[in-house]
Amino acid sequence: MTRSLCILGSTGSIGTQSLDVARLGGYTVEALTAYSDVKTLEAQIREFRPALAAMADEAAAADLKTRVADTGVRVLSGPEGVAYCAAESRADTVLNAVVGMAGLAPTLAALRAKKRLALANKETLVAGGQLVMETAKQNGVPILPVDSEHSAIFQCLQGASENRALKKLILTASGGPFFGKTAAELQNVTAADALRHPNWSMGAKITVDSATLMNKGLELIEAVWLFSVSPDDVQIVVHRESILHSAVMYDDNSVIGQLGLPDMRIPIQYALTYPERLPSPVGELDLAKLGRMTFYEPDYETFRCINLCRRAIHKGGLYPAAVNSANEQANAMFRRGEIGFLEIADRVERVLEAAPEKPAYTYEDILETDRFARETVQGG
Ligand code: NDP
Ligand code: MG
């Protein structure tokens with residue numbers, strides 16, 4: 001169980017909800033990091049009084065240093081500063097809520113320093129799954145999922161026997177804001193349309209990933225690494241209400257699911273309190289009031305990103321990293337209005353087809369793949 005925390009990406013959607021959980025649970029906060037949101041990080045430092053803080057953006061770090069000079073916090077800068085906090089703070093647990101590939105280096109730094117890792121940053125596992133899982137194993141530290149679906153699966157697996165007798169994972173998807181739309185109807189949707197998510201309030205990148213359903217593809221790959229399953233044993237089901245957060249089916253066809261209101265503070269808290277459970281600020285689920293839950297097959301033809309991810313994890317090696325970085329670039333370009341919604345999948349597919357094959361890889365290979373994917377997407 002966690003006693004003290006380092007939160008990476010503390011100013012974001014998951015980061016601020018993690019601080020909510022930390023506040024209520026009375027955790028000591030040893031380190032906080034962000035990219036450039038100086039105002040929010042300053043307020044958090046004044047409330048939680050960490051010993052260390054870092055901002056990936058150098059200018060923001062310099063600004064923060066002046067603002068919090070009276071607090072005694074040590075302020076570091078750049079990606080190295082973030083990784084330093086992950087490894088060197090006195091926290092027993094690192095909660096990684098950074099968005100994107102930038103989370104990979106601090107994930108590896110935390111694991112090498114033998115910290116328990118509560119992981120929201122799914123891109124870390126998509127881009128470097130093999131490396132991350134091996135590093136965790138070598139250092140004898142657990143990776144506790146924060147992503148709600150993976151937390152659900154992790155909860156459903158508690159008490160399973162050693163050989164697990166696990167038949168498949170059932171990964172639920174909200175379907176996003178464009179559920180039921182045809183490709184023709186999606187031709188001209190804008191970032192503002194995509195940012196209106198029905199059930200969850202999240203950062204901009206993952207909200208767009210939920211609209212393309214790339215998020216579910218990334219989560220499929222995340223599940224393959226976290227739970228050592230074949231991608232063919234992961235069924236994706238659209239469930240609009242986001243109440244059943246995912247489920248597992250055992251060999252006897254018994255299905256065990258985890259349900260609750262859609263509020264990330266439940267999975268965040270479980271990652272911190274595991275194997276214990278504590279009271280939560282989140283309200284109770286009232287099934288009689290809810291009335292019904294619905295389930296659908298995903299529309300794989302309109303929302304092509306899921307199968308691009310499936311192809312990438314089947315091909316293995318650096319293909320998932322290529323798809324992840326291509327998506328980060330295309331997602332950002334869509335949010336800036338530079339490409340259309342449907343072009344996200346087109347560009348990701350082009351990278352999947354053009355990426356070189358390399359079954360075994362190092363951290364440097366992942367960075368090289370990242371550069372290749374981004375350049376290819378930008379080139380059109
Ligand atoms: P946000 O965009 O809200 O927050 C991202 C955080 O990361 C911010 O603190 C940001 O700092 C920091 N950050 C951004 N870029 C960098 C960088 N290059 N180096 C260091 N820090 C950086 O994202 P979310 O909280 O929505 O998502 C975080 C992660 O959690 C993602 O991987 C997402 O997929 C995953 N996740 C999110 C869920 C949600 O409900 N939001 C649900 C499940 C998973 P600053 O504020 O200064 O820019
Ligand atoms: Mg999720």
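**Ligand contacts, annotated sites and a covered helix**

Of the 24 residues around ligand 1, the ones that come nearest are T11, S36, D37, E123 and G203; here a residue is near a molecule if one of its heavy atoms lies within 4 Å of it. This is a predicted model, in which local features need pLDDT of at least 70 and side-chain atom pairs count only at pLDDT 80 or more, while totals for chains, interfaces and linings use all residues. Residues are numbered from 1 along each chain as its sequence is written, chains are lettered from A and ligands numbered from 1 in the order in which they are written, and side-chain values use heavy atoms, with hydrogens and water left out.

The backbone gets involved with the ligand too. A polar backbone atom of I14 sits 2.9 Å from an oxygen atom of ligand 1, and Y35 also has a polar backbone atom 2.9 Å from a ligand 1 oxygen. For G9, a backbone N or O atom lies 3.2 Å from an oxygen atom of ligand 1. On its own, ligand 1 has 900 Å² of accessible area, and the protein covers 85% of that (areas come from the Shrake-Rupley method with a 1.4 Å probe; for residues, only the protein chains shown count as cover).

Next come the database annotations. An unreviewed UniProt entry gives "binding site" for K122, S148, E149, S174, H197, S210, N215, K216 and E219. From this set, S148 is part of the lining of the largest cavity. A cavity is a set of points, on a 1 Å grid over the protein atoms alone, where a 1.4 Å probe fits but cannot get out, and lining residues have an atom within 4 Å of a point. UniProt positions follow the numbering used here, feature names are shortened, and annotations may be inferred rather than shown by experiment.

Two of these annotated residues deserve a closer look. E149 lies in helix α7, residues 148–156 (helices are DSSP runs of H or I with at least four residues, strands are runs of E with at least two, and both are numbered from the N terminus). E149 counts as buried because its relative accessibility is 8%, with buried meaning under 20% relative accessible area, exposed over 50% and partly exposed in between (1.4 Å probe, protein chains only). Beyond its neighbours within four places in sequence, E149 is in contact (heavy atoms within 4.5 Å) with L171, T172, K216, E219, H245 and S246. The side chains of E149 and S148 are joined by a polar contact of 3.2 Å. Such a contact is a pair of N or O atoms within 3.5 Å; within protein, one must be able to donate a hydrogen and the other to accept it, and residues adjacent in sequence count only if both atoms are side-chain atoms.

N215 belongs to helix α11, residues 214–227, and is buried because its relative accessibility is 7%. Leaving out residues up to four places away in sequence, N215 touches K122, I206, D209 and S210. With K122, the side chain of N215 makes a polar contact of 2.6 Å.

Over at the start of the chain, T2 is found in the segment before β1 (4–8). T2 is buried because just 3% relative accessibility is left to it. T2 and D92 are 90 residues apart in sequence, yet 6.5 Å apart in space, C-alpha to C-alpha. The side chains of T2 and R116 share a polar contact of 3.4 Å.

Helix α5 (residues 104–112) is mostly covered, with 7 of its 9 residues buried. Just after α5, K114 takes a positive phi of about 60°.

How values were computed:
On a 1 Å grid over the protein atoms alone, a cavity is a set of points where a 1.4 Å probe fits but cannot get out, and a pocket is an open set with protein on both sides within 12 Å along at least five of seven lines; lining residues have an atom within 4 Å of a point.
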